[in-house]
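Q: Please take a close look at one part of this structure and go from there to what surrounds it. I am new to it, so explain each term when it comes up.

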Amino acid sequence: MNQKVEFEVEEEEEERSRIPISERPEWADVRPLPQDDGPNPVVPIAYSDEFSETMDFFRAVYLADERSARALELTQEAIFLNSGNYTVWQFRRLILEALSVDLREELEFIDQIAKNNTKNYQIWHHRRWVAEKLGSNVASNELQFTGEIFSQDAKNYHAWSHRQWVLQTLGGWDDELAYCDELLQNDIFNNSAWNQRYFVVTKSPRLGGLEVTRDSEVAYAIKAILTKPENESPWRYLRGLYKNDVNSIANDPRVASVCVDVLTNEKECAHALNMVLDLLCNHYQPSIELKNAIDALSDNSDLELAKKVCSVLQLVDPMRANYWEWRKTTVPARD
């Protein structure tokens, strides 16, 4: 029996074993409140009987503001039926606070549904609320949880957002740079891991900021570029390392050198040409090697070097040919 069939069988058995809320003794005193769609609903939704009954009872306890153990259990049933209902989640939080429930148990409840609903805003918001209440002692748990999500989907925005929130709010920075390196070793094209690495080197209180880490990170980015020059992420990362000091990018000989290496060996690399254009627009004095690399790609000897680069980019990056034509008009005059 395959996994899908087993899951369907479990669902059918659960439906057969479920006792309707209206037949449960603990709910005998509650009058369910049906959904009001008006006298003539245009397109009524075909809810299942279980869903309709659960939500009818939920409306009753919600309007009565009943913050009880049975109401908490009811929100769980409602969430299993529709994990995107933000009203149910909000009311559940009110009940959790009123009953002083052990929120570690609540994390276990979230684990039951989160891994099959990894892009559900309400679940992530609720998890953040619980983690914030529990404090820094759950930081490692939350980092581990997001790591499990990345093993399924390495670019899950919700998980990355949660991970960054955990680091900034609860801590856990010590091994984060190594974790980014591990992800990039597995997949150097993982742009989310590149983004996280930049987040760490600029935000981590352990590393001292971009001024301290720039030199080693430039070396890291260049190594990645030489491994896969067609990968846009390390090129973007390299630019970002000079975000607050754009003129310095032209003064670091390693940047021009990697461009020459790539253009000499890979020839028509749009990322390298784009970087060269940025260098030239930041008053970089080109080396003979760089001029030769560009001349080898262009037959137009009349254009100045920066405009020649734009012309080459129009050929190697035709999707943005109009953009490169415009860039040609913005090239600053050389002294």
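A: Leu 63 is found in helix α2, residues 49-63. Helices here are DSSP runs of H or I with at least four residues, strands are runs of E with at least two, and both are numbered from the N terminus. The model is a predicted one, in which local features need pLDDT of at least 70 and side-chain atom pairs count only at pLDDT 80 or more, while totals for chains, interfaces and linings use all residues. Residues are numbered from 1 along each chain as its sequence is written, and side-chain values use heavy atoms, leaving out hydrogens and water.

Leu 63 counts as exposed because its relative accessibility is 63%. Exposed means over 50% relative accessible area, buried under 20%, and partly exposed in between, with a 1.4 Å probe and protein chains only. Together with Leu 33 and Tyr 62, Leu 63 forms a nonpolar surface patch of about 290 Å² of accessible area. A patch joins residues that have over 30% relative accessible area and no salt bridge: nonpolar side chains (Val, Leu, Ile, Met, Phe, Trp, Tyr) within 5 Å, like charges within 9 Å. The areas come from the Shrake-Rupley method with a 1.4 Å probe, and for residues only the protein chains shown count as cover.

After α2 comes the loop between α2 and α3, where Asp 65 lies. Asp 65 is not a glycine, yet has a positive phi of about 55 degrees. Its relative accessible area is 39%, so Asp 65 is partly exposed.

Helix α2 also takes part in a salt bridge: Glu 50 pairs with Arg 18, with 3.4 Å between the closest N and O atoms. Because Glu 50 lies in α2 and Arg 18 in the loop between α1 (3-17) and α2, the pair ties together parts that are 32 residues apart in sequence. A salt bridge is a side-chain nitrogen of Lys or Arg within 4 Å of a carboxyl oxygen of Asp or Glu, and the whole structure holds 25 of them. Glu 50 is partly exposed, at 26% relative accessible area.

The loop between α1 and α2 is linked to helix α3 as well. Arg 24 and Glu 77 form a salt bridge with their closest N and O atoms 2.7 Å apart. Arg 24 sits in that loop and Glu 77 in α3, so this pair ties together parts that are 53 residues apart in sequence. Arg 24 is buried at 12% relative accessibility, and Glu 77 is buried at 18%.

Helix α3 (residues 69-81) packs against helix α5 (residues 103-114) at an angle of about 20 degrees, with the axes 11 Å apart. This makes α3 roughly parallel to α5. The axes are lines fitted to C-alpha atoms, for helices over the stretch in contact, and angles between N-to-C directions run from 0 to 180 degrees. Angles under 35 degrees count as roughly parallel, over 145 as roughly antiparallel, 65 to 115 as roughly perpendicular, and the rest as oblique.

From helix α5, Asp 111 meets Arg 127 in a salt bridge of 2.9 Å, N to O. Arg 127 lies in helix α6 (residues 121-134), so the pair ties together parts that are 16 residues apart in sequence. Arg 127 is buried, with 1% relative accessible area.
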